[in-house]
Amino acid sequence: MKKKTVSSSVVRFEHVSKKYGSVRALDDVSFEINAGEIVGFLGPNGAGKTTTMRILAGFFAPSRGKVWIRGIDLFRHPQKAKRSLGYLPEAVRLYPDMRVAEFLRYVARLKDVPRKSRNIHVQGKMALCGLTDVGHRLIGRLSKGYRQRVGIAQALLGDPDVLILDEPTSGLDPKQIAEIRALIRTLGKERAVILSTHILPEVSMVCSRVVMINQGKIFASGTVKELESCLKDRQEISVRVKGRVYRQGAIDLLKGLPGIEALRMREEPGEELWFIFEIAREEDPRAQITQLFVQQNIPLVEIQRVKLTLEDIFLHLLQEGRFARRPS
Ligand SMILES: Nc1ncnc2c1ncn2[C@@H]1O[C@H](COP(=O)(O)OP(=O)(O)O)[C@@H](O)[C@H]1O
Ligand SMILES: [Mg+2]
């Protein structure tokens, strides 16, 4: 019986694990990517992002598990499946002594773009990536931002359904980063994109969905909105106190308040102490805190409600593990 996936997913990872010798880089990773999605694979260094991208690109096989590309088993029918994939590796290897257009025509030939339409095809990708004016330039002479565009253009040759980008903005300056992100958003309108990143804001700026990974395991996934709603019944309050001698007194007061959780403290340079805690969203303990601190003569310099950012969510999910095993 021919095995086919029933869902509309373009990419499907099924229980993928990867070991390098005794190092377990990926541990039972499953996720799907649908047409029209830009998925951000988010995790700290060493999380397993590059390993995932390489497996997805068919660069090497997993130790366990399966990868389906449009219902085709990537490691059973690699040639066929890889036609749907375009890959920008983490450290892309381009030919510095080739000219941009020449290099792209060469890759187009390797990817079996028909000879007749090859020039037009290459020109189209150059235009899409903003390379038209540098077609005659040597790749080695281009800025890093332009080299990255060449890397993306080569990944687009052959019109793959899925674009795999491993840390596409790393090592670029802020202007180049903004340009590459804008390009990725444009590309995502026509094809599925998966990109890896360790930069949180990148995900909310570029991606329609996030898969969070740490130590080779997925621990949360969903749209940015969905992840935010995990914590929508919570809020954070931050309290600043002047004078390190008040440390214990402040902790005692805050701990005594009803319903506060996850109290933590940061020492700021100078004399300030900064306390942050969580409390149910409908509570507003600010007036009570002010009153208590005044009564105890503890100099309160600031009290604020803090909006939870994606970064907070990432850290919360990571530390608490209480949303682990959220379905993808
Ligand atoms: N070729 C390799 N040999 C041995 N260990 C590796 C190799 N590549 C990656 N690793 C290990 O696998 C883990 C995941 O690495 P990687 O996928 O590169 O993570 P990321 O891209 O998220 O930084 C890390 O612990 C890393 O040290
Ligand atoms: Mg990496």
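These exercises walk through a predicted model of one protein chain with a ligand.

Residues are numbered from 1 along each chain as its sequence is written, and chains are lettered from A and ligands numbered from 1 in the order in which they are written. In this predicted model, local features need pLDDT of at least 70, side-chain atom pairs count only at pLDDT 80 or more, and totals for chains, interfaces and linings use all residues.

**Exercise 1. Describe the protein chain as a whole.**

Step 1. Count the elements. The chain has eleven helices and 14 strands. Helices (H or I, at least four residues) and strands (E, at least two) are DSSP runs, numbered from the N terminus.

Step 2. Take the box. Along the principal axes, the C-alpha atoms fill roughly 85 × 50 × 35 Å.

Step 3. Check burial. Of the 328 residues, 34% are buried. Buried means that 20 or more other C-beta atoms lie within 10 Å of the residue's own; exposed means 12 or fewer, and partly exposed is in between, with C-beta atoms placed from the backbone.

Step 4. Look at contacts (C-beta atoms, placed from the backbone, within 7 Å). Among those with a separation of 6 or more, 68% join residues 24 or more positions apart.

**Exercise 2. Work out which elements supply the shell around ligand 1.**

Step 1. List some residues. Those around ligand 1 include Tyr 20, Val 23, Asn 45, Lys 49 and Thr 50. A residue counts as near if its C-beta atom, placed from the backbone, lies within 6 Å of the molecule.

Step 2. Assign elements. Strand 2 (23-34) and helix 1 (49-56) each supply at least two shell residues. Helix 1 gives the most, with three.

Step 3. Sort by class. The shell has four nonpolar, six polar and one charged residues. Ala, Val, Leu, Ile, Met, Phe, Trp, Tyr, Cys and Pro count as nonpolar; Asp, Glu, Lys and Arg count as charged; the others, Gly among them, count as polar.

**Exercise 3. Find the edges of the four-stranded open sheet.**

Step 1. Read the order. It is 2-1-4-5, with antiparallel pairing. Strands pair if DSSP finds at least two bridges between them.

Step 2. Find the ends. Strand 2 and strand 5 (72-73) each have a single partner strand, so one side of each has no neighbour in the sheet.

Step 3. Inspect one pair. Five bridges join strand 1 (residues 9-20) to strand 4 (residues 64-69). Phe 13 stands opposite Val 67 in strand 4.

**Exercise 4. Explain how helix 9 is oriented.**

Step 1. Name the buried residues. In helix 9 (residues 247-255) they are Ala 250, Leu 253 and Leu 254.

Step 2. Find their side. They cover an arc of only 95° around the axis, so they sit on the same side of helix 9. The arc is that of the directions from the helix axis to the C-beta atoms. An α-helix has 3.6 residues a turn, so residues three or four places apart point the same way.

Step 3. Turn to the other face. It carries the exposed residues Gln 248, Asp 252 and Lys 255.

Step 4. Name the cover. Over the buried residues lie, among others, strand 11 (234-242) and helix 10 (286-295).

**Exercise 5. Place Arg 149 in its surroundings.**

Step 1. Locate Arg 149. It lies in helix 5 (residues 144-156).

Step 2. Judge burial. Arg 149 is buried, because 24 other C-beta atoms lie within 10 Å.

Step 3. List contacts. Leaving aside neighbours within four places in sequence, Arg 149 is in contact with Cys 129, Gly 130 and Leu 131.

Technical notes
Contact = placed C-beta atoms within 7 Å.
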